[in-house]
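Student: Please take me through this model in questions and answers. Which terms should be fixed before we start?

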Amino acid sequence: CNELIMPDPIRNIAVIGAGTMGQGISQVCALAGYSVMLYDIQADITKTAIAAIRRNLDMAVEKGKITSSQKDEALTRIQAVGDFRQLQVDLAIEAVVEKLEVKHKILSELEKINALDCLMVSNTSSFPIMQMASVLKHKGRFAGLHFFNPAPAMKLVEIIRSAATTDHTIEVLNSFVSSISKTAVQAADSPGFIVNRVARLYYSEALKIVE
């Protein structure tokens, strides 16, 4: 795969999937100054999601974590989008249900409507990144970007590269994660990546103790 020239800096972001993770990622990105388009196949969910983000930001203001002006500015940066064709951005973050066929369809459609300088990532916690990239023509610009729940509070973000992900894509993602005040750790494209792979051992030991 040819090395791609990525936008510098990233200005606008699409978050596909307005569930809990999509909401948290959108909130984090908006607070960091990025313009965010939040999309879900069910339009009503995006409205509910933005209302939930507003409540979360209100709580952050009450706790003194952000100011009222920061809250207001963040909310103006998040736009609910009902037309998938509008998602022409510098960075697209897929955060939908963990069904491979659904993710494949979304990634294929994103590639069709975006220029080659659009970086695409998945928030998956289980699927191999190379398997997800199999439907893409330009696999070098795709990687895993795994946030943890709740995204606004959890500092760690796993960056997962496939065999096809370019070095430049990883560099851009590292810079992006730093820009949203998170800590990036690079993970191999292996089951569970780092955190979930280690956590499974804790779960299994707890079950053994109960037994």
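Tutor: Contact means heavy atoms within 4.5 Å. The model is predicted, so local features need pLDDT of at least 70 and side-chain atom pairs count only at pLDDT 80 or more, while totals for chains, interfaces and linings use all residues. Residues are numbered from 1 along each chain as its sequence is written, and side-chain values use heavy atoms, with hydrogens and water left out.

Student: With which residues is Leu100 in contact, leaving aside its neighbours within four places in sequence?

Tutor: Leu100 belongs to helix H4, residues 100-113; helices (H or I, at least four residues) and strands (E, at least two) are DSSP runs, numbered from the N terminus. Leu100 is buried at a relative accessible area of 16%, where buried means under 20%, exposed over 50% and partly exposed in between (1.4 Å probe, protein chains only). Once neighbours within four places in sequence are set aside, its contacts are Phe127, Gln131 and Met132.

Student: What radius of gyration does the protein have, against the value for a compact globule?

Tutor: The secondary structure comes to 7 helices and 8 strands, and the C-alpha trace spans about 50 × 45 × 30 Å along its principal axes. The radius of gyration is taken over C-alpha atoms, and the globule rule is 2.2 Å times the number of residues to the power 0.38. For 211 residues a compact globule would come near 17 Å, and the protein agrees, with 17 Å.

Student: Among contacts between residues at least 6 apart in sequence, what percentage join residues at least 24 apart?

Tutor: One example of chain segments brought together is the aromatic pair of Tyr39 and Phe84, which are 45 residues apart. Among contacts between residues at least 6 apart, the share joining residues at least 24 apart is 67%.

Student: Against which elements do the buried residues of H2 pack?

Tutor: H2 covers residues 43-62 and reaches 30 Å from its first C-alpha to its last, close to the 28 Å expected; the expected span is 1.5 Å times one less than the number of residues. Thr46, Ala49, Ile50, Ala52, Ile53, Leu57 and Ala60 are buried in H2. They share one side of the helix because they cover an arc of only 165° around the axis, the arc being that of the directions from the helix axis to the C-beta atoms. Their packing partners are helix H1 (20-31), strand S2 (35-39), helix H3 (68-77) and strand S3 (78-81).

Student: Which exposed residues does the face of H2 turned away from its buried side carry?

Tutor: H2 is followed by Gly64, whose phi is positive, near 80°. The face turned away from the buried side carries Asp44, Lys47, Thr48 and Glu62.

Student: How many of the 12 residues of H1 are buried?

Tutor: H1 reaches 17 Å from its first C-alpha to its last, close to the 16 Å expected. Just after H1, Gly33 takes a positive phi of about 105°. H1 is mostly covered, and among its 12 residues the buried ones number 10.

Student: Within what arc do the buried residues of H3 fall?

Tutor: The buried residues of H3 are Lys71, Ala74 and Leu75. They line one face of H3, because seen down its axis they fall within an arc of 100°.

Student: How many residues does the largest nonpolar core have?

Tutor: A nonpolar core is a set of buried Ala, Val, Leu, Ile, Met, Phe, Trp, Tyr and Cys residues joined through side-chain atoms within 4.5 Å. In the largest core, the residues with the most contacts inside it are Ile13, Ile25, Leu91, Leu145, Phe147, Leu173 and Phe176. Apart from the largest core lies another, of 23 residues, including Leu107 and Met132. The residue count of the largest core is 38.

Student: What is the angle between the planes of Tyr39 and Phe84?

Tutor: Rings of Phe, Tyr and Trp (its six-membered ring) pair if their centres lie within 6.5 Å; planes under 30 degrees apart count as stacked, over 60 as edge-to-face and the rest as tilted. A search of the whole structure finds 2 aromatic pairs. Tyr39 and Phe84 form an edge-to-face pair at 5.3 Å centre to centre, with the planes at 85°.

Student: Which peptide bond is cis, with omega near 0°?

Tutor: Pro150 lies in the loop between strand S6 (142-147) and strand S7 (156-160). The cis bond leads into this proline, from Asn149 to Pro150.
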